[in-house]
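Colleague: Please walk me through this model piece by piece, and explain the terms as you go.

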Amino acid sequence: MDFYYLPGSAPCRAVQMTAAAVGVELNLKLTNLMAGEHMKPEFLKLNPQHCIPTLDDNGFSLWESRAICAYLAEKYGKDDSLYPKDPQKRAVVNQRLYFDQGTLYQRFADYFYPQVFAKQPANPELEKKIYEALEFLNTFLAGGKYVAGDHLTIADLSILATISTYDVAKVDLAKYSNVSSWYARLRKEAPGTAINEAGAAEFKKYFD
């Protein structure tokens, strides 16, 4: 299946880790946004919203990384451990995914992207928001090894991609003990972690 991506993108890395977890090989299609490759007619046919990551699974196209992760886990997972079928367990995984999308990753983008891509000064109020998000995550991890239960799920993979991005931006994670210990462990045990590390290193150039 074709995967349109950029290696530095946290959402793209989340999908790559999920693919590794279920044993699916992605045909990587590097998509240069600065060159407008996402606006070409052939890409717009796949994804009229013209964003990455985008997956093309034998004619079935899908975008939004967390939706792609869920699709891969449901279609290709050997069992339901990555994305539980039990309604309550799945609800917790979904909540964490939505937390990542709407709070954890979004607050990172709100604070850092204007600085990185528009050369704007740092906004102290937005900085407070990213630390508040980390405090939420630290609470979610209290008493547990994973973000949504007692085993690895796609919520861990999505949030790992985000936290890796926090890390390369030099956000101090040390004072969030649950986050720090989870992050250190997941960097070693998550499927596709080498891909995530390489992509995060690619993204780091914006912060050097």
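Modeller: A good place to begin is Asp208, which is exposed, with a relative accessible area of 65%; here exposed means over 50%, buried means under 20%, and partly exposed lies in between, with a 1.4 Å probe and protein chains only. The model is predicted, so local features need pLDDT of at least 70 and side-chain atom pairs count only at pLDDT 80 or more, while totals for chains, interfaces and linings use all residues. Residues are numbered from 1 along each chain as its sequence is written, and side-chain values use heavy atoms, leaving out hydrogens and water.

Colleague: OK, and which residue forms a salt bridge with Asp208?

Modeller: The partner is Lys204, and the closest N and O atoms of the two are 2.7 Å apart, where a salt bridge means a side-chain nitrogen of Lys or Arg within 4 Å of a carboxyl oxygen of Asp or Glu. Lys204 counts as partly exposed, at 31% relative accessibility.

Colleague: How many salt bridges are there by that rule?

Modeller: The count comes to 11. One of them joins the side chains of Arg66 and Asp100, at 3.1 Å from N to O. Arg66 lies in helix 3 and Asp100 in helix 4, so this pair ties together parts of the chain that are 34 residues apart in sequence. Helices are DSSP runs of H or I with at least four residues, numbered from the N terminus.

Colleague: Are those two buried or exposed, Arg66 and Asp100?

Modeller: Arg66 counts as buried at 12% relative accessibility, and Asp100 counts as buried as well, at 0%.

Colleague: And what about Glu189, which residue does it form a salt bridge with?

Modeller: Glu189 pairs with Arg185, with the closest N and O atoms 3.9 Å apart, and both lie in helix 7 (residues 177-189), four residues apart, which is about one turn of the helix. Glu189 is partly exposed, at 37% relative accessible area, and Arg185 is partly exposed too, at 22%. Arg185 also lies over the face of Tyr146, at 5.3 Å from the ring centre; for this, CZ of Arg or NZ of Lys must be within 6 Å of the ring centre and within 35 degrees of the ring normal. Lys175 lies in the same way over the face of Tyr131, at 4.8 Å from the ring centre.

Colleague: Which residues are linked in a network of salt bridges?

Modeller: Such a network links Asp167, Arg187 and Glu197.

Colleague: Switching to rings, how many aromatic pairs does the structure hold?

Modeller: It holds 15 aromatic pairs. Rings of Phe, Tyr and Trp (its six-membered ring) pair if their centres lie within 6.5 Å, and planes under 30 degrees apart count as stacked, over 60 as edge-to-face and the rest as tilted. Phe108 and Tyr166 form a tilted pair, with 5.2 Å from centre to centre and 45° between the planes. This pair links distant parts of the chain, since Phe108 is in helix 4 (residues 87-118) and Tyr166 in helix 6 (residues 154-168), 58 residues apart. Phe108 is buried, with a relative accessible area of 0%, and Tyr166 is likewise buried at 0%.

Modeller: Phe117 and Tyr206, by contrast in type, form an edge-to-face pair, with 5.3 Å between centres and 65° between the planes. Phe117 lies in helix 4 and Tyr206 in the segment after helix 8 (193-203), so the pair ties together parts that are 89 residues apart in sequence. Phe117 is partly exposed at 49% relative accessible area, and Tyr206 is partly exposed at 41%.

Colleague: Which residues form the aromatic cluster?

Modeller: Phe108, Tyr111, Phe112, Tyr113, Phe117, Tyr166, Phe203, Tyr206 and Phe207 form one aromatic cluster.

Colleague: Last topic, empty space: how much lies in the largest pocket?

Modeller: The largest pocket holds about 790 Å³ of space. On a 1 Å grid over the protein atoms alone, a pocket is an open set of points with protein on both sides within 12 Å along at least five of seven lines, a cavity is a set where a 1.4 Å probe fits but cannot get out, and lining residues have an atom within 4 Å of a point. Of the 29 residues that line the largest pocket, Leu6, Ser9, Leu33, Ile52 and Tyr105 are the closest to its centre. The largest share of the lining, six residues, comes from helix 4.

Colleague: And how many cavities of 30 Å³ or more are counted?

Modeller: The count comes to one, and the largest cavity has a volume of about 40 Å³, a volume being the space filled by probe spheres set on points that are joined across faces, edges and corners. Ala73, Glu74, Asp79, Asp80, Tyr83, Lys85 and Arg90 line the largest cavity.

How values were computed. Helix = DSSP H or I, 4+ residues; strand = E, 2+ residues; numbered from the N terminus.
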